[in-house]
Structures are given as structure tokens and as C-alpha cells.
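Please open the structure in your viewer and keep the sequence panel visible. The tour below proceeds by selection, with a description of what is found at each stop.

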Amino acid sequence: MMRNRSYLLGAVGVTCLSLLASCRANTDEAAQSAAQGYSEKSLGDYGRLTPSEYSLYMADQRYVHSLTRPDVRIRLNFADPQQHRFAMARLKLAGKTPENSPQLFQSVEERRQLHLAKGYKTGLLPQQDQGLSQASDLQEMHFISAASAGSDPSRPNEGAGSASSTYPRGAYYTYVDVSYTDAGGFPLGDLSQTEDFNNGKNTVANAVSYLDRTRGRLYRVSSYKMEDSVTGFTDSFVYSEIGSAAPSVGPPKWYDLIVDHPVDLKNLDNKNTIFVCLDRGGDDCDYRVPPTEAHMVVMPFKGSVRVQKEHLFDVRKIQAIRDDLNANRHRDDAGSIRLIFTPTGGGCEFIEPNTLHAGMKQFWNSVRVDEGQSRFSWDLSGINPVYFGKGCRLTGEDIKMVAIIKLPFVGATNSSTEYSSSITLSNDALIRRDYSFKKMAILNSCLAEGTMIELASGEAAAIESVQSGALISNSARSSLTVMDKSSGIERSPMVRIKDEAARVLSMTEMHPIQVVARGMVQAKDLRKGDVVMTKTGPSKLVLVERHAYTGKVFNLRLGTADEKKALSDEQTVMYANGFLVGDSQIQTKYEFMAQSPRTQGDVLALLPAKWHRDYLLSVGKR
């Protein structure tokens, strides 16, 4: 439900970081961050396995499942013949062979030889990778992002599953598949796989199942991933479990899914975007994160869902989940909430306050069941928001939020009959989701306190004193109206520039400024010698440096709807200390463009040579 007010998040804050600069550990990583890559989706075919191979695959699949628990991601031990054989069968199902994917199979063999050399024992997982414990920093992710079973009344025999993967700065190669089976591993639909070259920032595979293929009511959605990046070749496996062990129980039908937060509270300029302002405040912000010592990204999350009368929400199971999590005991059915930074790759999970570990304790402590056990609600808002880690304090206009809520049910007439399901809430259009958030942007670009802004009258005023409604001098028309002013603090070094006329300006790394030869450029990309536009014409920069800053920062949003009709989206500019700079709207655009990938033509140029043949074979070239 939309509320007609801005939402204030207290007791938390974040540091303003340059999205790309923080990721450029080396030139390979910078190149990966710039390229779009190539992605291809296809369906597997169980007919690719001989009868004996299929029998072994079913046995190996049960064996791999026995090594882990639902929603606990593992890496396989290729020194174990069964784990290695399972991986090979999964690739064969997807249509991958040594002939059409030579580097992929060579990488798998190299990893097998590595595991053998390390002496990994049969029946065990790689010791250093067991559990793949999650921390608060931006990280690689591979998880089941959707798992449902017949909860849609219009498709009672259909189940759906999605698997998602993301890698910080992207990967050279990513293979992700997803399959939907019954509890014994019998396939209820086709295996689906997605293959990425020079992408891997947001890879999703979706599977559809036909539940009438089995008499059982317990289902598994599983996913296998192989990936090559600047850190080497790895794999991972994860599965989720839903349904009921009681074969006679039909699936519950949920309805009336309502989300109160996060939503687009302001609907600014009909952009259909949820704006989150870090260390900033202004009328444009749907959600404001004030600066504090916590330095974390936070998000309110509140909503509810109902179940039809044949089932009830299981209050005993909910209390058991709550008790276990409060005692720091793992629960397979706790669910998860994640942010995925698709422009750069990588993501982070909801963490417990004051810890560095992922967890859903705070969520389940907020859960309430009422209306005769037919309504399940959660409230992580106000002073109790969702906390993400310090490593998630990046900015961008294409941030994905994926919330997987596990729902425990009992039969309305037989409380001993249990059933588990899940709902997925996300703004990732690639995922089979039950609720769609609007697009999400996290912003924090500003100018230093004391920066003099030229008014339409020809006078100049310090940016902190400029109020909404003021008329600002503009290079494309006589004036633009100030629609909003944001303010906050800056924890990262600012960019200070000085031109040949001795004009000086300090701004955050992401703030755009007009460069004669390159157009609008973010401050972090300025170079000494650049010729920038000023009030008196082109002027060369004689100094570009970073400097620590402890004062306040401000930004303006310019232009009424009528004023902007005659302007391009790069003309809401102002003169700041004499330099022509963009307002908050241009900053948002260029922040997104800086993160956006380039065209497919870059793939071969940036892809390591060892992957060229796999790529060319994948796109059908020789």
C-alpha cells in the first residue's frame, strides 16, 4: 500500500563510494565491468543420457543431496567420483559436450586434478568451502530465487523454480541451471540452463514443472553453477525443498499479497522508481538513510499475505523457527532477503543488526499471524528495518531486491498435516516472482557546502541557502526553477578541481560536469588538462585531486515539467563556482550510464582467449 509521505530510516547510515572506482582492482576487472557479454538460454533433454547414465545420475543426485541441506550452498569435490560424475551428467543434460564447450570441460578437468592433488577424500566436500558462509560484504551469490508448487488457482498442476547467480565485477564465463523434481529426484519438467560469456552479473535460469507427473507432494528445486572469473574456476550446488511429506495433501492457495514497503512513495516525474538516498535527505527521496556510525544500507520491508480456508498458517512452526533463530540455530526454512547490484555484479544478504553474518532472526521476530490463522504479516520498518552489510553501500539505478519468504501451513481440518511453500518478491524481471517491486535506485551525489550557485538574477548564492522555488541560471534557457534540494554528509574523499582562471570546486565522485571533448563526465573520471565549460567559456583544468571532507554536501533538482519540455535530459544544468555542472537528475542518468554495459561487439575483445572457441561455438560461428 502506498503512503503519501517520505519514510525516514533512523539509526543507520552508509558511506558514499564510487561504484566503478571501488571495483577496479586491476585492468581485467575494469574490462569485465564494462562489457555486456553474450547470454543464451536453453532447455535440457534427459534423452541425452543413456538408460545406464540416467540410472547413475539419479543415484548420484540423491548422493549429492545427502551431502548438504536445503538452501545451503556447497562446492563439489571433483576428487569424489560420484560428485564429479553428477556434474558431468548435469552438463550433458544441458547439451554441453567437450566438442561444443572445450574450455569448459578443460576447466572442469583442471579442477578435478587440483582436488586430487590436494588429497580430497571421497564422500566429503572441499573443506575450505563447506557451507560457503555469507558475510556482509558484496559477494558472489548463487541461490534458489523462486520455488512454488501449485499455489496459483489458475494453474493448479504447475510448479515453478528459479535460480539466480551474480559475481562482483562479472565473470568471464557462467553456466547456471535449474531443475524441478520430486523428493526422489524424478524430473517433473525440463532442466533449464543459462550460459553467459563476459557477463555473470545477473544470471537467471527458470524451470516449470508439471506436478501431476508424480503422486508425491514433496518437491525440490535444485541448481548447479560453473563459473570462471579473475579469481579462477569454481562451481556450486544448492537446492530448496517445498511441499508436504503427506501424499494426500493438496497445495495451499495464497492470495491478497500486499507490500507496504518498499514502494514508490513519491512517484517522482512518473519514473516508477523507488529512490533511496544514502547520507542524504530531500523531497525526492522515497526513503532516506541518515548518516550514523553504522554505515550500512538499510531498507524497510513490510507486507502481508492471506491463505484460503482449506489451510491455515502454522503458528507452531513459526514459533519453532523463531525460537531456533533466536538461539542461533540454523533453519533451512528461514528464507532470505538480498540486494543484487546488477550494474557491477555481486550482492549481499540481510544481516542481523550488529553482526557480519546473514540471518533472518529479525524478520521472523516481526512476523504475526492473525484473522484466524489466515493472515501472515511482517513488519521490518521504522526503527526495525532490513540491514545490509557495509560492503553493500554502493550506488546505482538498477538495484535488484529479492525476498524469498518461506510460508508454513497446516490443514484447516487436520492440524497435523503440514505443508511448506514460498513466495518471491522482487523487481528482477528474469525471476518467476509473485510480487514485483518497482525499479530501485540508490543515490548519493552532491556539491560541497559553500559552493556558489548562479541565480537567474545574475547574483550567486551558497548552495545551502538556495530554497525550492528559486530561479537558477541555465545555459539553455533564461532560468530553471529549483524543485528540490537534498543535503547530507560525505565520508569518501571529494574531487577538487581548479581551472586556469583559478576557479575551484569540490564535489562527490559521481557528480557530473560538462567536459568540452567528452560531454557530461563524472568527477571521478576528470583528468588534469581536461577542458571544461564555465560561465566564461571553455577553460582548462590545472588541478584534479582527491581530498578528505567532513562538511555537508548539497544537490538541487531543477526544472518544472513545463520548463523541461523544451530541454533535453542533459540540460538541467547550473553554474557552480562558475563551472557548468549537472543537477541531481543528470547525476542519476550518468551514474546509470557509467554502470551500463557496452554492446555485444566487445565480447571477444575483452574475453580471455581461452574462452573464444566456446563463445564462437555457442553463438553458432566457426
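Which backbone oxygen does the side chain of serine 165 reach? Select serine 165 together with methionine 141: the side chain of serine 165 reaches the backbone oxygen of methionine 141 at 3.4 Å. Please bear in mind throughout that this is a predicted model.

**First stop: serine 165**

Serine 165 belongs to strand E4, which spans residues 158–166. Its relative accessible area is 1%; because buried means under 20%, serine 165 counts as buried. To display its surroundings, select Met141, His142, Thr174, Val176, Gly200, Lys201, Asn202, Thr203, Lys225 and Glu227, with which serine 165 is in contact when neighbours within four places in sequence are left aside.

**The whole chain**

Now zoom out to the protein chain. It has 10 helices and 39 strands. Of its 622 residues, 58% are buried. Among contacts between residues at least 6 apart in sequence, 71% join residues at least 24 apart.

**Helices H2, H3 and H4**

Select residues 51–66, helix H2, and residues 81–93, helix H3. The two helices pack at an angle of about 120 degrees, and their axes are 9 Å apart. H2 is therefore oblique to H3. The crossing in which H2 passes H3 is left-handed. On the H2 side, show Glu53, Leu56, Tyr57, Asp60, Gln61, Tyr63 and Val64; on the H3 side, show Gln82, Gln83, Arg85, Phe86, Ala89, Arg90, Lys92 and Leu93. Coloured by class, the residues of this contact comprise seven nonpolar, three polar and five charged.

Keep H3 displayed and add helix H4, residues 102–117. Here the packing angle is about 175 degrees, with the axes 12 Å apart. H3 and H4 are therefore roughly antiparallel to each other. To see the contact, select His84, Met88 and Leu91 of H3 with Leu104, Phe105, Val108 and Arg112 of H4. This contact of H3 with H4 consists of five nonpolar residues, one polar and one charged.

**Strand E10 and the loop that follows**

Most residues other than glycine have a negative phi, and most peptide bonds are trans. The next selections concern backbone geometry.

Select aspartate 256, which is placed in strand E10. Although it is not a glycine, aspartate 256 has a positive phi of about 55 degrees. With a relative accessibility of 33%, aspartate 256 is partly exposed.

Then move to proline 262, in the loop between strand E10 (254–261) and strand E11 (273–278). Is the peptide bond from histidine 261 to proline 262 cis or trans? That bond is cis, with omega near 0 degrees.

Glutamate 371 offers another positive phi, of about 55 degrees, in a residue that is not a glycine. Look for glutamate 371 in the loop between strand E19 (368–370) and strand E20 (375–380). Glutamate 371 is partly exposed, at 43% relative accessibility.

**Histidine 311**

Select histidine 311 in strand E16, residues 311–313. Histidine 311 is buried, and its relative accessible area is 9%. Neighbours within four places in sequence aside, its contacts are Val249, Gly250, Pro251, Pro252, Phe409, Val410, Gly411 and Ala412.

**Serine 426**

Continue to serine 426 in strand E23, residues 418–426. Serine 426 is buried, with a relative accessible area of 0%. Which backbone nitrogen does the side chain of serine 426 reach? Display aspartate 428: its backbone nitrogen is reached by the side chain of serine 426 at 2.9 Å.

Next add alanine 403. The C-alpha atoms of serine 426 and alanine 403 are separated by 6.3 Å, although the two residues are 23 apart along the chain. Not counting residues up to four places away in sequence, serine 426 touches Met401, Val402, Ile431, Arg433, Tyr435, Ser436 and Phe437.

**Last stop: glutamate 570**

Finally, select glutamate 570, located in the loop between helix H7 (561–564) and strand E38 (573–576). Its relative accessible area of 30% makes glutamate 570 partly exposed. Add isoleucine 586 to the selection: glutamate 570 and isoleucine 586 are 16 residues apart in sequence, and their C-alpha atoms are 6.0 Å apart in space.

Definitions and conventions: Residues are numbered from 1 along each chain as its sequence is written. This is a predicted model: local features need pLDDT of at least 70, side-chain atom pairs count only at pLDDT 80 or more; totals for chains, interfaces and linings use all residues. Side-chain values use heavy atoms; hydrogens and water are left out. Axes are lines fitted to C-alpha atoms, for helices over the stretch in contact, and angles run from 0 to 180 degrees between N-to-C directions. Helices (H or I, at least four residues) and strands (E, at least two) are DSSP runs, numbered from the N terminus. Angles under 35 degrees count as roughly parallel, over 145 as roughly antiparallel, 65 to 115 as roughly perpendicular and the rest as oblique. A crossing is left-handed if the near helix is turned anticlockwise from the far one by less than a right angle, and right-handed if clockwise. Contact means heavy atoms within 4.5 Å. Ala, Val, Leu, Ile, Met, Phe, Trp, Tyr, Cys and Pro count as nonpolar, Asp, Glu, Lys and Arg as charged, and the others, Gly among them, as polar. Buried means under 20% relative accessible area, exposed over 50%, partly exposed in between (1.4 Å probe, protein chains only). A polar contact is a pair of N or O atoms within 3.5 Å; within protein, one must be able to donate a hydrogen and the other to accept it, and residues adjacent in sequence count only if both atoms are side-chain atoms.
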